[in-house]
Amino acid sequence: MADDLTFLAYRRPSLPVGDYTIKVVQDLGNVAPATGVDATTFETTRTFSVSGDRFTLPPGTVRSVFPPDGSLGEHSNALPHVVLGRATLPWERSARAASAVPPPWLALLVFGGDEQPPQKTVTLGTLASGGVSIPAPVLERGQHASDPVNVIDVPRSLLVSIMPGPDDLGRLAHVRRAGDETAVVIANRLPAPGVSSTVHLVSVEGRYDASGFAAGPDTPGALVRLVTLASWRFSSLSKEHTFPYLVRALAHGGRPFRLPDSGEPAADPFLRQGYVPVAHTLRQGGRTASWYRGPFVTGDTGGSGADTRFGVRTPDELLRYHPSAGMLDIGYAAAWQLGRLLTLQHTTVARSVYSWKRRRAMADGRDEPSGHPLDIVDIDDTMPDDVRTFLDDLARLRGVPYRYLVPDERLLPVETIRFLRLDPRWIAHLLDGATSVGRVTRADADRDRLRPPPVDTSEVTGALIRSDLVPGYPGLLVDGYASADESAPLSLLRLERLSPTVLLCLFTGVLGRLDLRQAPEEQHFGVEPPPEGPLAGRFGKTLRAADGSPGPSIPSQPLGASGTVPVTALATAMATALNVSPATFDSAAFARQMIETAERVTFLRTS
């Protein structure tokens, strides 16, 4: 994902939505004396339509939203926005017909508390019925009166106070280029603090005239109907759920992946190595408690993945007894058995493993006679691609159940980060169990021991994060470095959610620094509270200079009705402060000044 952002004012489609006619005329003259064809004119006409989204959006069109859907945070100084996957979408239609510079047909409206209008579904044929103000739609080719459409009915008095003006509308949509191009639509209203807010992406196609939004007759209780294309909810409650607060709160609980000491001299050495006591049912039916440690360890892993008991036939061979504690260590035995069960669960892979090992045994046992008159075809004993892919995934712990990774919930409490290393021996026994299919005799075990599956024994370190940060910021970026600076970046081995609130990060190498940051395209737009406080009805903004450094600050600006930001007046003040012409201060320039720098929080290894 690119770190560089480029803002464009708009991206209009090559062909606007509508019906088109192509007429082709070919005049064929007499080319005598070579031919005797009479002069003829051939003519044909074809019609076609360019259709575009109008009353609904396809799944996946909305790339992301801010504030995140369902989030609880302090968003009262942020202008909500939506990122759309198709860069031309806001300019495929127009809010005002016959306009020299057609404004976008999409607007983002914020409703807070009791204002939130209920959403309902009607058909296109009944869209303009029910005593609400909305023009009856002129259906285009492919649209039918029975097509469903989602709408909201908003009190006219409220809508007039929050609907952006025609000039504002043009500055509230822009194109963002960060690897690919996406369209961004920004709201013009700050969320009300202390309440839940709902944001609707609505169609305002043809709803504007020279004076602004056509809201219909101003009668008592008048309702204006809007087609809603997408919506989400969030709450602006407290700073405790904002990105920087959540990440910094993790630092207070940043510890190695182990349980705290228990005060028992016999148990604490095991706990400090990441072991946890688990219930263990013995093969003969008895029950006991044993030590278990999964693939995550807290200290030195003891070297390579080689082990004298590699190539075993039963997991019992990997049980270790500790006389000082009077308990078994079942970690490696559990890894071996899990690998075997996962292979047997994938029947296609299990057959491939069995066939591959049979071919390998045949190749090892072949006795080629000397002087044989015919060439003997080699036996292909290379590892099949599906087996190699399966083992590679297992080596990265894909498919390993969560309980094997985090055997005790106390290892990973809520709102914590735990730093860890990967035990190559655990991985080696996992892969040995995965390739144990067909290992019956001692000769089978000896053969597998001589040619074990490849295990990468290089150091792998990382972190487990359990926090509301994981679902609240799905675009979270995680960077690892070998030292305290950024001179030695580590290769990211795996970054994946293990559950809705748990994120696993693994890097090749020893982690010296871990950065958590928002992706550039997840940055938000916001204003700054004035010195006199957020309840003063005013806001400020510190601008950026041309080179990106901090620039001048605009004078404190008054909020509009219902907490709206006067976009055009704000853009004019920005242009004046930057000494540029307001006429050239388009939506791209406005977005560049409004966007807030993404937060980044760094964790450093202290020893």
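These legends describe close-up views of a predicted model.

**View 1. Helices H12 and H13 pack against each other at about 80°.**
H12 covers residues 567-578 and H13 covers residues 587-594. Their axes lie 11 Å apart. The angle makes H12 roughly perpendicular to H13. On the H12 side, the contact is made by Val-567, Leu-570, Ala-571, Met-574 and Leu-578. H13 contributes Phe-590, Gln-593 and Met-594. By class, 7 of the contact residues are nonpolar and 1 is polar, with no charged residues.

**View 2. Two residues with positive phi sit in the loops that flank H12.**
Ser-562 lies in the loop between strand S31 (550-558) and H12. Its phi is near 60°, a positive value in a residue other than glycine. Ser-562 is partly exposed, with a relative accessible area of 34%. Asn-579 belongs to the loop between H12 and H13. Phi of Asn-579 is also positive, near 60°. At 71% relative accessibility, Asn-579 is exposed.

**View 3. Strands S25, S28 and S32 form an open antiparallel sheet.**
The strand order is S25-S28-S32. S25 (476-481) and S32 (600-604) are the edge strands. Each has a single partner strand, so one side of each has no neighbour in the sheet. The twist from one strand to the next averages 15°. S28 spans residues 513-518 and pairs with S32 over 5 bridges. Within this pairing, Leu-516 stands opposite Val-601 of S32. Helix H3 (residues 243-252) packs on the sheet and touches S25, S28 and S32. The direction of H3 makes about 10° with that of S32.

**View 4. Strands S26 and S27 form a hairpin.**
S26 runs over residues 491-499 and S27 over residues 502-508. The two strands are antiparallel and joined by 7 bridges. There are 2 residues between them. Ser-499 has Val-502 of S27 as its bridge partner.

**View 5. An open sheet of 5 strands has the order S1-S11-S12-S7-S4.**
Pairing in this sheet is antiparallel. S1 (6-8) and S4 (62-66) stand at the edges. Each pairs with a single strand, so one side of each is left without a neighbour in the sheet. Neighbouring strands are turned by 25° against each other on average, direction ignored. S4 is joined by 4 bridges to S7 (residues 81-84). One facing pair is Val-62 and Leu-84, the latter in S7. H13 lies across S1 and S11 (173-178). H13 runs at about 140° to S1.

**View 6. A cis peptide bond joins Phe-66 to Pro-67.**
The omega angle of this bond is near -5°. Pro-67 lies in the loop between S4 and S5. His-75 lies in the loop between strand S5 (72-73) and strand S6 (78-79). His-75 is buried, with a relative accessible area of 3%. Leaving aside neighbours within four places in sequence, His-75 contacts both Phe-66 and Pro-67. Its other contacts on that basis are Pro-191, Phe-234, Ser-235 and Ser-236.

**View 7. Helix H7 (residues 385-395) has four buried residues: Val-387, Phe-390, Leu-391 and Leu-394.**
Seen down the axis of H7, they fall within an arc of 95°, so they line one face of the helix. An α-helix has 3.6 residues a turn, so residues three or four places apart point the same way. The cover over the buried residues of H7 includes helices H5 (331-345), H6 (347-365) and H9 (424-434). Just after H7, Leu-397 takes a positive phi of about 70°.

**View 8. Leu-344 in helix H5.**
Leu-344 is partly exposed, at 42% relative accessibility. Beyond its neighbours within four places in sequence, Leu-344 is in contact with Ala-350 and Val-437. Leu-344 and Leu-477 are 133 residues apart in sequence. Their C-alpha atoms are 36 Å apart in space.

Key
Residues numbered from 1 in each chain as written. Predicted model: local features only at pLDDT ≥ 70, side-chain atom pairs only at ≥ 80, totals over all residues. Heavy atoms only, no water. Axes fitted to C-alpha atoms, helices over the stretch in contact; angles between N-to-C directions. Parallel < 35°, antiparallel > 145°, perpendicular 65-115°, else oblique. Contact = heavy atoms within 4.5 Å. Nonpolar A, V, L, I, M, F, W, Y, C, P; charged D, E, K, R; others polar. Pairing = 2+ DSSP bridges. Buried < 20%, exposed > 50% of the residue type's maximum accessible area, 1.4 Å probe, protein only. Arc of directions from axis to C-beta.
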